[in-house]
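Subject: Structure handover

Hello,

Here is the structure we talked about. Please open it and read the notes below alongside.

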Amino acid sequence: MGFVGKKETDVEQPMLVTDAQVIPTAPLASPQTERFANHPVGSVQQYPTNVVALQQFPRYPIKINSCPECNKSTRTRTVSHPNWATWTAVIITGCLFLPLFWLPLVIDSCKQVDHYCKNCHEKVGDAKPFEGCCVTQRG
C-alpha cells in the first residue's frame with residue numbers, strides 16, 4: 001500500500017533562482033523613515049505646545065472672554081436637563097423612599113447644565129450632575 005501524493009513529512013525544496021531572475025531591490029522608504037532620516041538617534045525635537053486650559057463651568061451663566069467657535073466675548077446661556085446620573089438618582093431615591101422619587105428631577109445640582117454662546121448658539125461647556133455638590137469654596 002503506497003501513499004500517492006505529498007506526505008506530511010515532505011518538505012518543499014527551495015527553488016533555484018538564476019542571475020537573470022534576481023532583481024535587486026532598495027530598502028523601501030516610508031514616511032516615518034524619511035521624516036527621521038536626518039535626526040540622530042536619541043535627539044529630542046521641541047514642538048510648540050498650544051495648551052488650552054479646560055474651564056470648569058458653574059451652574060449659572062458666566063461671561064466668557066472668547067467663544068471657541070465665533071471668537072466673541074459674550075455671556076453664556078444655560079440649559080439644565082436630566083441625564084443618566086439624574087435618572088439613576090431617581091431610581092435609588094424611589095427604592096429608598098418612594099414618595100420623594102421626584103426630588104432629583106427638580107434639584108439643579110442633580111441635573112446636567114450646558115453652556116451655550118449667545119452669539120453663535122454653539123455649546124461651549126457643561127457642568128456634570130453632582131459636580132461640586134456639597135463643596136464650598138474657601139478663599
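The notes cover the strands, then the turn, then a surface patch.

This is a predicted model: local features need pLDDT of at least 70, side-chain atom pairs count only at pLDDT 80 or more, and totals for chains, interfaces and linings use all residues. Residues are numbered from 1 along each chain as its sequence is written, and side-chain values use heavy atoms, leaving out hydrogens and water.

Start with strand S3 (112-117). Strands are DSSP runs (E, at least two residues), numbered from the N terminus. Five of the six residues in S3 are buried (under 20% relative accessible area, 1.4 Å probe, protein chains only).

S3 has two partners. Strand S2 (residues 74-81) pairs with S3 in the antiparallel sense over six bridges; pairing takes at least two DSSP bridges. His-81 faces Gln-112 there. S4 is also antiparallel to S3, over four bridges. Val-113 stands opposite Ala-127 in that case.

S3 and S4 make a hairpin with five residues between them. In its turn, His-121 has a positive phi of about 65 degrees. Phe-130, in the segment after S4, also has a positive phi, near 65 degrees.

Lys-118 sits in the loop between S3 and S4. Lys-118 counts as partly exposed because its relative accessibility is 46% (the class runs between 20% and 50%). Lys-118 joins Lys-63, Arg-75 and Arg-77 in a positive surface patch (residues with over 30% relative accessible area and no salt bridge, like charges joined within 9 Å). A salt bridge would need a Lys or Arg side-chain nitrogen within 4 Å of an Asp or Glu carboxyl oxygen.

Best wishes

Definitions and conventions: Patch = residues over 30% accessible without salt bridge, like charges linked within 9 Å, V, L, I, M, F, W, Y side chains within 5 Å. Areas by Shrake-Rupley, 256 points an atom, 1.4 Å probe, with all protein chains shown as cover. Lys, Arg positive; Asp, Glu negative; His and termini not counted. Charge placed at Lys NZ, Arg CZ, Asp CG, Glu CD.
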